[in-house]
Structures are given as structure tokens and as C-alpha cells.
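User: I would like to learn how to read helix packing, pockets and cavities. Can you take me through a case?

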Amino acid sequence: MKHFTSVDDIQDLNQLIALAKNIKQAPFANKKIGENKILGLLFFNPSLRTRLSTQKAALNLGMDAIVMNLNTEGWALEFEDGVVMDGNKAEHIKEAAQVVSQYCDIIAVRSFPTLTDKEKDEEEQVISAFKKYASVPVISLEGATEHPLQAVADVLTIEEYKSVKRPKVVLTWAPHPKALPHAVPNSFVKVMKKADVDFVITHPEGYELNPEFTKGVTITHNQEEAFADADFIYAKNWSNYMDYGQITCKDPSWTVTVDKMKLTNDAKFMHCLPVRRNMIVTDEVLDSEASIVIAEANNRTYAAQAILTKILEHGE
């Protein structure tokens with residue numbers, strides 16, 4: 001593994017999850033592999049779990065981490081080629097990525113979508129530019145269309161909590177007051193298609209995700225039907241994909257409640273966090289024994305550590 005910016009970069013999911021499980025049992029066992037190595041964490045957008053878990057993963061491997069919030073601490077970057085830079089952009093990504101590559105052995109970047117320009121978002125303009133001009137491996141800490149580190153943690157969590165060999169996993173849309181990206185659901189869909197699960201997506205009509213990602217997946221607009229006999233409920237909001245970036249539904253009947261969870265096979269409740277209580281999911285569900293969101297968040301460290309390990313091994 002040279003870069004990790006998409007679930008597509010996972011060649012063997014079972015092997016990767018097995019590595020993450022081993023790392024979780026002995027997180028400091030491989031500290032030599034990162035000795036005298038620097039991980040640069042570059043944030044264009046806010047973070048809590050992604051920043052802390054990835055930084056912790058680096059420290060567990062003996063790496064040092066440099067963190068920079070580019071949106072507030074760095075020069076505004078230009079990503080277009082051939083432009084006359086007479087505006088507010090002070091530095092071009094061509095120089096910036098090459099310079100950062102001299103300071104860091106791995107670059108990890110977090111950059112949310114515009115949710116206004118679908119073409120640029122789907123090109124992953126920011127992360128793709130770092131991959132193009134950096135001379136070191138690049139990791140996505142969430143991009144415009146994917147959040148692959150979250151997806152690895154999600155699979156690890158399902159593997160730990162499943163009670164049947166092939167569990168039924170449901171990705172359900174839920175209401176939210178803001179227009180949210182598609183990155184988490186996109187990566188979750190991609191990784192579930194690689195996993196040995198019975199996977200179903202449920203959402204209101206018109207809230208289909210990118211059909212390139214959901215091809216072959218069972219999709220229903222009946223949430224209660226989807227919840228029937230489910231082993232895992234993964235709740236997440238996303239904005240409209242066809243009417244790009246717009247909120248076209250706030251239907252509160254899609255909130256995950258105790259009554260809906262009763263339709264399941266004593267399912268575990270999952271969410272990537274942060275979560276809007278009593279909008280995405282009720283307090284009663286989130287505070288119940290069915291909720292594994294804290295364990296899921298904990299697994300972010302071991303998912304990141306597994307990816308860093310694979311990349312460091314590739315460079316040996």
C-alpha cells in the first residue's frame with residue numbers, strides 16, 4: 001500500500017482487519033517501524049476523532065506527528081493550473097505539496113467537499129493534488145467523497161460485535177439540520193460490498209447515493225422493512241446527491257428510535273460521530289447497551305495504525 005485515499009486501496013480486507021485486531025491486542029509492539037519518521041496531519045476542516053486517533057496511532061508506532069490547521073494557520077492554496085495568482089491565494093499546491101514532502105514521511109489530509117461543485121468534489125481536487133505533487137505517501141483523513149479510515153474502523157467494529165457469521169447490516173439515512181457530505185456513507189457502502197455481510201441501504205425517495213457506489217446493493221425506501229431482523233444499524237445523514245448538496249427532506253419519522261430497534265435482531269447501533277441526539281437517534285437508543293458508538297470511535301486508532309503500518313512496510 002503506497003497511498004490510502006479510498007476503500008479501493010484495500011487489496012485484502014480480511015488481512016487488513018486481522019492486522020488491526022492484532023495491533024489492538026498489542027498497540028506498542030511495532031514501535032521500531034515508525035522510529036525517526038514524521039507524519040504530517042494537514043486539516044482544512046475540523047476534526048476530533050480523526051485527528052486524535054491518527055495522531056495516537058502514529059505515536060503507537062514510534063512516529064512523531066506534526067499537525068497544522070491549514071484553513072487558519074497556513075497560506076491560502078491555489079489548486080488550479082495556469083491561473084494568474086492575483087487574488088487571495090498566496091501559494092500553489094505544486095510548491096506546497098513538494099515542500100511538505102521534505103518535512104514529512106507521510107502526509108495525511110482532511111478536506112471536505114464544497115457541496116456546490118459536484119465535478120470538483122468528485123475529482124477529490126485537494127487530496128488528488130497532494131497525491132500528484134507530493135513525493136511521499138498520502139492518506140485521506142476524509143475527503144470530498146470518501147472517509148476510508150472510518151470505513152476500516154466500522155468493519156473492525158462489526159467483526160468484534162457480530163453474533164452470526166454473516167450479519168445483516170443496514171445503512172439508514174436520518175434527518176439533520178445541515179447539508180452533510182456523502183463521504184462516510186460512500187466509504188461504508190464500498191467497504192460493506194467487500195465484507196461478508198447482508199447489506200441493505202434505506203433512505204427517503206430521492207436520496208440515492210452515487211449509483212456507481214451502490215450498484216448491486218439492495219435499496220429500500222421503507223425503513224421499517226429494512227430494519228427487520230437486522231444485526232447492525234448504521235445511521236448517517238447525507239445531503240441530496242442528484243440535487244447536489246441540498247436538503248430536500250427533514251422527515252423526523254426517519255430518526256432511529258427504540259421502537260424501530262425492536263424490529264431488529266437485537267441489533268447494535270452504530271454512528272461515526274459526532275451525532276445529533278434526538279434527531280439522528282434518540283437518547284434512549286444512544287444511551288442503551290445496543291449502542292456501540294464509543295467502541296467504534298476507539299477502533300479509529302487501530303484502523304489508522306493498521307494503515308500506517310501497511311504504508312511503512314511498503315517503504316521498507
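Analyst: Start with contact, which means heavy atoms within 4.5 Å. Keep in mind that this is a predicted model.

User: What do the buried residues of H2 pack against?

Analyst: They pack against two strands and two helices: strand S1 (38-43), strand S5 (106-110), helix H7 (148-161) and helix H13 (293-315).

User: Which residues of H2 are buried?

Analyst: Buried means under 20% relative accessible area. In H2 that covers Arg 49, Thr 50, Ser 53, Thr 54, Ala 57, Ala 58 and Asn 60. Viewed down the axis of H2, the buried residues lie within an arc of 160°, so they line one face of the helix.

User: Why would spacing along a helix matter here?

Analyst: An α-helix has 3.6 residues a turn, so residues three or four places apart point the same way.

User: How do I check the length of helix H2 against its residue count?

Analyst: Use a rise of 1.5 Å a residue. Helix H2 has 12 residues, 49-60, and should span 16 Å. Its end C-alpha atoms are 16 Å apart, which agrees. Just after H2, Gly 62 has a positive phi of about 85°.

User: Now take one residue of strand S1. Is Leu 39 buried or exposed?

Analyst: Leu 39, in strand S1, is buried, with a relative accessible area of 0%. Set aside its neighbours within four places in sequence. Leu 39 then contacts Thr 54, Ala 58, Met 63, Asp 64, Ala 65, Ile 66, Ile 106, Ala 108 and Leu 308. Of these, Thr 54 and Ala 58 are among the buried residues of H2.

User: What is the separation of Leu 39 and Leu 209?

Analyst: Their C-alpha atoms are 33 Å apart, with the two positions 170 residues apart along the chain.

User: On to open space. How much lies in the largest pocket?

Analyst: The largest pocket holds about 580 Å³. It is lined by 27 residues, and the closest to its centre are Arg 110, Phe 112, Glu 142, Leu 273 and Pro 274. H2 and helix H8 (183-194) each supply at least two residues of the lining. By class, the lining has 13 nonpolar, 7 polar and 7 charged residues.

User: And enclosed space: how many cavities of 30 Å³ or more are there?

Analyst: A cavity is space where a 1.4 Å probe fits but cannot get out. The structure holds 1 of 30 Å³ or more. The largest cavity has a volume of about 40 Å³. Its lining includes Trp 173, His 176, Tyr 207 and Trp 238. The classes are 6 nonpolar, 3 polar and 1 charged.

Methods: Residues are numbered from 1 along each chain as its sequence is written. This is a predicted model: local features need pLDDT of at least 70, side-chain atom pairs count only at pLDDT 80 or more; totals for chains, interfaces and linings use all residues. Side-chain values use heavy atoms; hydrogens and water are left out. Helices (H or I, at least four residues) and strands (E, at least two) are DSSP runs, numbered from the N terminus. The expected span of a helix is 1.5 Å times one less than its number of residues. Buried means under 20% relative accessible area, exposed over 50%, partly exposed in between (1.4 Å probe, protein chains only). The arc is that of the directions from the helix axis to the C-beta atoms. On a 1 Å grid over the protein atoms alone, a cavity is a set of points where a 1.4 Å probe fits but cannot get out, and a pocket is an open set with protein on both sides within 12 Å along at least five of seven lines; lining residues have an atom within 4 Å of a point. Grid points are joined across faces, edges and corners, and a volume is the space filled by probe spheres set on the points. Ala, Val, Leu, Ile, Met, Phe, Trp, Tyr, Cys and Pro count as nonpolar, Asp, Glu, Lys and Arg as charged, and the others, Gly among them, as polar.
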